[in-house]
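The following exercises concern the chain displayed below. Each consists of a task and a solution worked step by step.

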Amino acid sequence: MTTVSEVMTRGARSLRPTDTVVQAAQAMEELNVGVIPVCAGDKLIGMVTDRDIVVRGVAQGLDAKTTALADVMSSHVRTAREDDDVEDVLDIMGENQIRRMPVVDAQDRLIGILSIGDIAAKDPDVDADVATSLGNISSPAEPDR
């Protein structure tokens, strides 16, 4: 059994819910990522993706310089724990079409991120599971509203 702690990326950068969409986009560009966790203090309260910025921000005509992340982020966030089994988390990611899952401790403090890429690169025993999950994640979905 491979645990999340063995393959996750630690030290994920986060932003505050009051930070702006522009700040999130700039952080994504700087880090070359498509998602930023949103934390109030050290507690995870949401995630903002490049897609959130486009669909919930730009497409709605919101001003990216003044719109707070709280207005565009996803607040119903599924999370993993360090001691979770990677295959179990991968099943959840596939079922819920999640490419990246924040990893939190018992107090919901952000401690890292687990991505499909992390699993594929660091756990050679789950190749078929990664392919299945990626197929499920990539299936068309209903809007998250």
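**Exercise 1. A residue in a loop**

Determine where Asp108 is found, what its phi is, and whether it is buried, partly exposed or exposed.

Solution. The model is a predicted one.
Step 1: Asp108 belongs to the loop between β4 and β5.
Step 2: The phi of Asp108 is positive, about 60°, although the residue is not a glycine.
Step 3: Most residues other than glycine have a negative phi.
Step 4: The relative accessible area of Asp108 is 29%. Partly exposed covers the range between under 20% (buried) and over 50% (exposed), so Asp108 is partly exposed.

**Exercise 2. A second positive phi**

Carry out the analysis for Asn32: state its phi, its loop and its accessibility class.

Solution.
Step 1: Phi of Asn32 is near 55°, again a positive value in a residue other than glycine.
Step 2: The loop that holds Asn32 lies between α2 (21-31) and β2 (35-40).
Step 3: With exposed defined as over 50% relative accessible area, Asn32 counts as exposed because its value is 72%.

**Exercise 3. The sheet**

Establish the strand order of the open sheet of three strands, and explain why one side of β1 and of β4 is left without a neighbour.

Solution.
Step 1: The order is β1-β5-β4, and the pairing is antiparallel.
Step 2: β1 (9-10) and β4 (100-104) are at the edges and each has a single partner strand, so one side of each lacks a neighbour in the sheet.
Step 3: β4 and β5 (residues 110-115) run antiparallel and are joined by five bridges. Within this pairing, Val103 stands opposite Gly112 in β5.
Step 4: Helix α4 (residues 86-95) packs on the sheet, where it touches β4 and β5. The direction of α4 makes about 130° with that of β4.

**Exercise 4. A surface patch**

Identify the residues that form the nonpolar patch on the surface and locate Val55.

Solution.
Step 1: The patch consists of Val54, Val55 and Val58, which together have about 230 Å² of accessible area.
Step 2: Val55 lies in helix α3 (residues 50-57).
Step 3: Val55 counts as partly exposed because its relative accessibility is 30%.

**Exercise 5. The whole chain**

Describe the chain by its secondary structure, burial and contacts.

Solution.
Step 1: The chain has six helices and five strands, in the sequence pattern α-β-α-β-β-α-α-β-β-α-α.
Step 2: Of the 145 residues, 41% are buried.
Step 3: Among contacts with a separation of 6 or more, 60% involve residues 24 or more positions apart.
Step 4: About 8,100 Å² is exposed, with carbon and sulfur atoms supplying 47% of it.

Definitions and conventions:
Residues are numbered from 1 along each chain as its sequence is written. This is a predicted model: local features need pLDDT of at least 70, side-chain atom pairs count only at pLDDT 80 or more; totals for chains, interfaces and linings use all residues. Side-chain values use heavy atoms; hydrogens and water are left out. Two strands pair if DSSP finds at least two bridges between them. Helices (H or I, at least four residues) and strands (E, at least two) are DSSP runs, numbered from the N terminus. Contact means heavy atoms within 4.5 Å. Axes are lines fitted to C-alpha atoms, for helices over the stretch in contact, and angles run from 0 to 180 degrees between N-to-C directions. Buried means under 20% relative accessible area, exposed over 50%, partly exposed in between (1.4 Å probe, protein chains only). Accessible areas come from the Shrake-Rupley method with a 1.4 Å probe; for residues, only the protein chains shown count as cover. Patches are made of residues with over 30% relative accessible area and no salt bridge: like charges are joined within 9 Å, nonpolar side chains (Val, Leu, Ile, Met, Phe, Trp, Tyr) within 5 Å. A salt bridge is a side-chain nitrogen of Lys or Arg within 4 Å of a carboxyl oxygen of Asp or Glu.
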